[in-house]
Amino acid sequence: MIPNQTMSNHALYTWSQDFLQDIYAHKNINPIFVKTLAMLITGMILGPHVQLFAIAMCIPVGIKLLSLVRHFERFLADDRVDVEQFFEPFIYAMIVSLGNETAYLIIDCTQAGPKCRTLFIGVAYHNTVLPIVWKTLKGKKGHVKGQFQKQLLAKVYDQFQYCRRVVVLGDAEFSNEPVINSLKPKNWGFVFRFQSNYRLQTEPNGRWLSAQELYEAAGLKPGQVKHWENVAFTEAHQIPNLTVTIHWAEGEEEPLCLISDFPAKEHPHLIYDRRYWVETLFGNCKSRGFQLARTQMTTPAHIDRLILAIAIATCITLGLGTHLIVIGQSDQVDRADRRDLSLFQMGWRWLYRLLALDRLHELKIVFRWDFKLPPPGFQPAI
C-alpha cells in the first residue's frame, strides 16, 4: 500500500469515528461498537467488497488481519448491537429534511448472501431510495409472507406519522390482504402491482373477472391506460373501494396491472414509476457499489448488522452527492453539459477525490427534497 493510500485510509477512518461519535453522543451506546462500526464503514467504502477480510485489509490499525476479522464477526453476532437504535438518527435526519413533502415509501426484497433474502423499506429520493428499515430471513426464493411484510411496515408508522401524505409502493409480492388492510386504517396511500390472473369485481354484485379478461374486454392496446374505480379486489378477500389501473406501455409485451386507493384522476401508474427507483438502491448495495452479493454470511441477524454499515455508508454517499448538487458543483465529478452519473456515483467519486486531495474536512452530508435532479444525458445551453 503506498503512503498516500495509507493516509487516505487513516483520514476516512478518523472522520467516520468522529462522525459516529457525534451522532451517538446522546445515546447509551458502547464506544467499542461505535469504533467497530466506523471500521466497517471505512472498509466498505475503500475495499472491493463486503467480505470481512477485504474490509479488514483497509483498516489502518495495528492488529493482525485475522484478529480484526474475528473482531468484526463478534460485532455482527452481538445481540446488543440494535440495528434500529443505531440507524435512528439517520431516519430522523431524512424526515426532518422531508418536512411537509409527500413520503413515497418503497417496499421490496433482494437476495443477501447465498441463503438469505432481505426485505427493505426505504423512502424515494431523487431516482434512488434512502434505506429506512430492513429485515433478513432465510430462503433464496419465493415471496415473503404478507404477515411479515405487515410487521415491517408497522415499524415505520410512528416515524412518518406527521408527514402530509405517505404512499407505499411495491411489486406484486406486496398486493396482499394483510398489507392492504393494514395500510387503509392509517390513511396511507398505496399502489401495488398485481398478477393479471387475480379476479376483480368492477360492479356491485357483478361477475368476478380476471384482470386479463377485464383489459381484453376493454380492447386495451399498447400505449393505452385504463382505470376502473370502486373495485373489489380478489374474489377471496373482496377488499372494497379500490382502483384498478392497467397500463400497456409502448414496447412492452403485456400490460402492467396496478391496485391502489387513488382516484383515476391522480394517475396511479405515474405514481408507481417511483417504485423502480429501488433498483438503483439495490445496484448501489451490490454490483455498482458495496458488493453485498459477495458476502458468504448465512445468519439473518448478522446480515442485518452488516447492512447497517452499508446503509450508513449509503447515506453518507447520497448526502455528499446531494451537497454537490445543491452548491452547484456537480461538475467536480461529472460533465458540465450533461448528467452521466447517478446521485450515488457523484457522492462516491467526490468522496474519493476529497480523500486524494486531503480535503476530507469539506465532506458534508445533506438531505434535500426541494431540488430537481437534472435529467440524464446532454442538456443544451439556455
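In this predicted model, helix H2 (residues 31–46) and helix H12 (residues 343–356) are roughly perpendicular to each other, because angles of 65 to 115 degrees count as roughly perpendicular and theirs is about 100°. Their axes lie 11 Å apart. On the H2 side, the residues that take part are Met44, Ile45 and Leu46, and they meet Trp348, Leu351, Tyr352 and Leu355 of H12. If you sort this contact by class, you will find seven nonpolar, no polar and no charged residues.

Now compare that with another helix pair. Helix H5 (residues 83–98) and helix H11 (residues 300–326) have axes that come within 10 Å and cross at roughly 20°. Angles under 35 degrees count as roughly parallel, so H5 and H11 are described as roughly parallel to each other. The crossing of H5 and H11 is left-handed. From H5, the residues in contact are Val83, Phe86, Phe87, Phe90 and Met94; from H11, they are Asp304, Arg305, Leu308, Ala311, Ile312 and Cys315. By class, the contact of H5 with H11 holds nine nonpolar, no polar and two charged residues.

Here are the two helix pairs together:

| Helix pair | Crossing angle | Axis distance |
|---|---|---|
| H2 and H12 | about 100° | 11 Å |
| H5 and H11 | roughly 20° | within 10 Å |

Next comes the sheet. It is an open sheet of 10 strands with mixed pairing, and its order is S3-S2-S1-S4-S5-S10-S9-S8-S6-S7. At its edges are strand S3 (128–138) and strand S7 (208–210), each of which pairs on one side only. From one strand to the next, the twist averages 30°.

Strand S1 (residues 102–111) is a good place to start looking at the pairing. S1 runs antiparallel to strand S2 (residues 116–125), and seven bridges join the two. Two of the bridge partners in S2 are easy to find on screen: Arg117 is the partner of Gln111, and Ile121 is the partner of Ile107. S1 and S2 form a hairpin with four residues between them, and Gly113 in the turn has a positive phi of about 80°.

S1 is also joined to strand S4 (residues 165–170), this time by six bridges, and these two strands run parallel. One bridge pairs Ala103 with Val166 in S4. How many of the 10 residues of S1 are buried? Nine of them are, so S1 is largely enclosed by the rest of the structure.

Moving along the sheet, S4 and S5 run parallel and are joined by four bridges. Gly170 stands opposite Phe192 in S5. Four of the five residues of strand S5 (residues 189–193) are buried, so this strand, too, is largely enclosed by the rest of the structure.

Helix H10 (residues 278–285) gives a similar picture: seven of its eight residues are buried, so H10 is largely enclosed by the rest of the structure. The buried residues are Val278, Thr280, Leu281, Phe282, Gly283, Asn284 and Cys285. What do the buried residues of H10 pack against? Their partners are S1, S2, S3, H11 and H12. Several of these elements have already come up: S1 and S2 form the hairpin, S3 is an edge strand, H11 crosses H5, and H12 packs with H2.

Two single residues round off the tour. Val244 sits in strand S9 (residues 239–248). Buried means under 20% relative accessible area, so Val244, at 0% relative accessibility, counts as buried. Leaving aside residues up to four places away in sequence, Val244 touches Phe194, Leu200, Lys226, His227, Trp228, Val231, Leu258 and Ile259. Val244 and Phe233 are 11 residues apart along the chain, and their C-alpha atoms are separated by 8.6 Å.

The other residue is Ser16, which belongs to helix H1 (residues 3–23). Is Ser16 buried or exposed? With a relative accessible area of 2%, Ser16 is buried. Beyond residues up to four places away in sequence, Ser16 touches Ala38, Ile41 and Thr42.

Conventions. Residues numbered from 1 in each chain as written. Predicted model: local features only at pLDDT ≥ 70, side-chain atom pairs only at ≥ 80, totals over all residues. Heavy atoms only, no water. Pairing = 2+ DSSP bridges. Axes fitted to C-alpha atoms, helices over the stretch in contact; angles between N-to-C directions. Parallel < 35°, antiparallel > 145°, perpendicular 65-115°, else oblique. Left-handed = near helix turned anticlockwise from the far one by under 90°. Contact = heavy atoms within 4.5 Å. Nonpolar A, V, L, I, M, F, W, Y, C, P; charged D, E, K, R; others polar. Buried < 20%, exposed > 50% of the residue type's maximum accessible area, 1.4 Å probe, protein only.
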